[in-house]
Amino acid sequence: MQAAPVSATAIPSFTTALRAVESLLMSSGQRTARRNAWTSVLEDRRRAKDRVEAQRILDTVTSGRP
């Protein structure tokens, strides 16, 4: 007796599922605007992190002088 062949189907990732729902609920322009907004948020966070690091370096350099 042979086992029946098993076919594997890929389970979509959570991100893929969210994008599918998003495409059903929003128009293309809204999706683009939402993604652009999120990209801006991430870029703002990166710049804030860079500012904190630059300030830390400046504080270190200036505190070493009398």
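Q: Before I count anything, what counts as a helix or a strand here?
A: Helices are DSSP runs of H or I with at least four residues, and strands are runs of E with at least two. The model is a predicted one.

Q: OK, how many helices and strands does the protein chain come to?
A: The protein chain has two helices and zero strands. Helix α1 covers residues 14-25, and helix α2 covers residues 28-63.

Q: What share of the residues is buried?
A: Of the 66 residues in the protein chain, 3% are buried.

Q: And how much surface does the chain expose?
A: About 6300 Å². Carbon and sulfur atoms supply 62% of that area.

Q: Back to the helices. At what angle do α1 and α2 pack?
A: The angle is about 135 degrees, and the axes are 9 Å apart.

Q: Why are those two called oblique?
A: Angles over 145 degrees count as roughly antiparallel and 65 to 115 as roughly perpendicular, so a value outside the named ranges is oblique. At about 135 degrees, α1 and α2 are therefore oblique to each other.

Q: Which residues make the contact?
A: From α1, R19, E22 and S23 take part. The α2 side supplies R31, R34 and R35.

Q: Changing topic: which residues make the nonpolar surface patch?
A: V21, L24 and L25 make it, and the patch has an area of about 360 Å².

Q: Where does V21 lie, and is V21 buried or exposed?
A: V21 lies in helix α1. As for burial, V21 is in between: its relative accessibility is 43%, so it counts as partly exposed.

Q: Now charges. How many salt bridges are there?
A: The count comes to five salt bridges. In general, side chains of opposite charge can pair when their charged atoms come close.

Q: What does R46 pair with?
A: R46 forms a salt bridge with D50, and the closest N and O atoms are 2.5 Å apart. Both residues lie in helix α2, four residues apart, which is about one turn of the helix.

Q: How accessible are R46 and D50?
A: R46 has 40% relative accessibility and counts as partly exposed. D50 is partly exposed too, with a relative accessible area of 40%.

Q: What about E43, which side chain does it meet?
A: E43 meets R47 in a salt bridge, at 3.6 Å from N to O. E43 and R47 are four residues apart in helix α2, again about one turn. E43 has a relative accessible area of 31% and is partly exposed, while R47 is partly exposed at 37%.

Q: And E53, how far is it from R56 along the helix?
A: E53 and R56 are three residues apart in helix α2, about one turn. Their side chains meet in a salt bridge at 2.7 Å, N to O.

Q: Are those two buried or exposed?
A: Neither word fits. E53 counts as partly exposed at 37% relative accessibility, and R56 is partly exposed with a relative accessible area of 46%.

Q: Which residues do shared salt-bridge partners join into one network?
A: E43, D44, R46, R47 and D50 are joined into one network by salt bridges that share partners.

Conventions: Residues are numbered from 1 along each chain as its sequence is written. This is a predicted model: local features need pLDDT of at least 70, side-chain atom pairs count only at pLDDT 80 or more; totals for chains, interfaces and linings use all residues. Side-chain values use heavy atoms; hydrogens and water are left out. Patches are made of residues with over 30% relative accessible area and no salt bridge: like charges are joined within 9 Å, nonpolar side chains (Val, Leu, Ile, Met, Phe, Trp, Tyr) within 5 Å. Accessible areas come from the Shrake-Rupley method with a 1.4 Å probe; for residues, only the protein chains shown count as cover. A salt bridge is a side-chain nitrogen of Lys or Arg within 4 Å of a carboxyl oxygen of Asp or Glu. Buried means under 20% relative accessible area, exposed over 50%, partly exposed in between (1.4 Å probe, protein chains only). Axes are lines fitted to C-alpha atoms, for helices over the stretch in contact, and angles run from 0 to 180 degrees between N-to-C directions. Angles under 35 degrees count as roughly parallel, over 145 as roughly antiparallel, 65 to 115 as roughly perpendicular and the rest as oblique. Contact means heavy atoms within 4.5 Å.
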